[in-house]
Amino acid sequence: PLPLTLGVSLSQFLSQRVLKAGRVLYSALMDRSPGLIRDRKHHLKTYRHCTTGKELVDWLIKLNGFVQSRSQAVGMWQVLVDEGFLVHAKQELNFQDKDAQFYRFLEAEFGVDHTANEKDSEEELQEALSLLSQMGPDALLTMILRKPPNQRSAEDLEVIFEELLHVKAVAHLSNSVRRELAAVLVFESHSKAGTVLFSQGDKGTSWYIIWRGSVNVITLGKGLVTTLHEGDDFGQLALVNDAPRAATIILREDNCHFLRVDKQDFIRILKDVEANTVRLEEHGKVVLVLEKSSGNEPANQGGSGNSNKYTVISGTPEKILEHLLEAVRLDSNCNEPAGVTCFVFLNPPCTFHAEPSEGSELEKAAYSLNKKQKIIRLVGQWVALYGQQLKQDATAVEFLESLKGAVLGDSRLTSMLREQLQDRRKTKVLENGYSSVLQTKVNNQFDWFSTVEECAGKCQPIRAQDKVLYEIFRPEHTSVSLMFPVDASVQDLMSSLVKPGGDHVLVKMNSSGERAQLKLDTTAVLTSLGVNERLFLCTLSQMDQLTPLAEQQGPDQGTMDMLEQMSSKDMACQLSDHDWELFGAMHEVELIYYIFGRQNFRGATTANLERFVRRFNEVQYWVVTELCLCTDLAKRALLLKKFIKIASVLKEQKNLNSFFAVMFGLSNSAVQRLSKTWERLSNKTRRIYSSYERLMDPSRNHRAYRLAISKLSPPYIPFMPLLLKDMTFIHEGNKNHVEGLVNFEKMVSVQTKYFQDSI
């Protein structure tokens, strides 16, 4: 946990820890199973002081129950192979779980130190296993990528596909294309900075994605044009246009890794995409684009459920709605969030006609009833998902009222709706664990929102028209308080404070004195303020003379005396209880509004999401403030230990948002430089902190965190800043419309990210 000294890179630091872990593991192997290291004979050849890959995996699994699967053990041994501590007899780079594959430990050349006592040895072994288990998945992925494409198993391809979901260069591609890329990607690495990957004018033979490191792009006459980093790609243009390379690519740093797609595979995938794409036309215009799903992919987004599955890529709102209705199953009570969530993008409102144009009267009646029933079920799911949000939308309420009239006029639809609402109430009883009246009366007083629950917590949802208290300061630090709707504009606030036509402006300023003038059309400024930001009203000439308030500088005394009387578990429980209330008050559609721009959705608010994000910052800076204000070294060490324990409990409670807030506070430079405080922590506490610190590793697009949440069962509170980053990544990498059609695949990807990471 101590800060690195100057000149020592993070990679060198990790390498030293891996080598130490390797020595500890080798020492344990020699103490407990020395017979595994012996001379081996295979095909008339003798291999000195070796063990086999299969024996190493078996031993690690039986060691103490820490390792749960053979693939996990393979990844852990692969880490040591990558570091050169464990060496294959024939210098092969990939660790193999086989009897005839022999490995030697580098440590065998120098002997092992057995002087540590039993307790210390066991603690070091647990620390070594923890480090290797966290680095193992990354090493396993690299090992899979190094395999020739024709040697990859179906499980290998799935691992690569999952990783490609987080690679910026392929964010705009469909899932079927990503799956094809997973089967043909070639791993390529270069060890030295300055290596020329290809030169301007060379023939284009491959497309490259930067997996690790960075490169410089240089052209004749201009020199350095740009620098590309992890997740970027290059070389595609020459393949598409069958033209020479337009620039020279030079490695900017050592140990750069690339994912390469050769020209033959690149062209074939483009042809496959075109062959599997179906375009439906009406009146000479494309209205729906479908793509045939692979065998590994469920036909979500409205697949037909038969052997020929198609997913919607793009289309007009009307055609997308029609396709979604085809996917609705009348014999199923489950919601289809992939389709329902995306209604937020089907704008303007669509009209769907349930009457067929041909057929017998009996066939027309059956078709019409089936379509109407599907519409009722889909609308019911829509209401269940958006709940109270729809009550604030006059257009939605008007639509539901008109639909209610049609439903009440048909006894068959009324009967179906009664069953649907009763099923939904029963489901809520099972989910929430409480009983309520299950009989729903469908009559002239029927309410679509009868099964929608109000938030029961202390933190009630903030709606766009709810009035909140704005406190606005003047240059001399006097203030005025105003009650305005949360979505009020700067113009609204200014009109109530000063006469129009003057040179007054509204400014937000933080504790360091940084100022930003707010535009008149800016809305909801209060909920978007930072932890230490305040609003100031002044003239343009006074703006440069504004100074922060005393309260913005934060407290000058800590609360250690109070904190030491509270248990870490109680504090973590209070944090989680409050976070669950804030999280429950936030509707998932607010993430959509936040990513795509609140101004693009009439009557939208992101106040609850911003309140939740602000909470992350409050907890983070609370940790830093308390530690830095504690002047007694012994007490500060106890407080540091308490915060690490709080983080541990938060992780157990699956409150990842506050867990990371505490960890970010502990990793703040102001805390990290307290070297004497860190030195007072026990080895056990340091080990716990180190294991949590690795979850914060941003490399490979926060792969360590993603692996951790993939093992969690819901419900849990996600790390919200990263979820927002992922959704922004999908949004910015894909257009909202493609050739005038709604990019439905993008919409499904955005909502899928939310449901994967937060449900």
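This report covers an open sheet, a hairpin and one buried threonine in a predicted model.

## The open sheet

Four strands form an open sheet in the order 6-11-8-9, and their pairing is antiparallel. Its edges are strand 6, residues 196-198, and strand 9, residues 223-228, each of which pairs on one side only. On average, neighbouring strands of this sheet are turned by 30 degrees against each other, direction ignored. Strands of a sheet pair through backbone hydrogen bonds, in either a parallel or an antiparallel arrangement.

At the strand 6 edge, the partner is strand 11, which spans residues 248-251; the two pair in the antiparallel sense over 2 bridges. Within this pairing, Phe198 has Ile249 of strand 11 as its bridge partner.

## The hairpin of strands 16 and 17

Strand 16 (residues 467-473) and strand 17 (residues 479-485) run antiparallel and are joined by 7 bridges. Tyr470 is bridged to Leu482 in strand 17.

The hairpin has 5 residues between its strands. His477 in this hairpin takes a positive phi near 75 degrees.

## Thr52 and its surroundings

Thr52 belongs to strand 2, which covers residues 45-52. Its relative accessible area is 3%, so Thr52 counts as buried, the cut-off being under 20%.

Beyond its neighbours within four places in sequence, Thr52 is in contact with Arg40, Lys98, Asp99, Gln101, Phe102 and Tyr103. For Tyr103, the separation from Thr52 is 51 residues in sequence, while the C-alpha atoms of the two are 5.9 Å apart in space.

Technical notes
Residues are numbered from 1 along each chain as its sequence is written. This is a predicted model: local features need pLDDT of at least 70, side-chain atom pairs count only at pLDDT 80 or more; totals for chains, interfaces and linings use all residues. Side-chain values use heavy atoms; hydrogens and water are left out. Two strands pair if DSSP finds at least two bridges between them. Axes are lines fitted to C-alpha atoms, for helices over the stretch in contact, and angles run from 0 to 180 degrees between N-to-C directions. Buried means under 20% relative accessible area, exposed over 50%, partly exposed in between (1.4 Å probe, protein chains only). Contact means heavy atoms within 4.5 Å.
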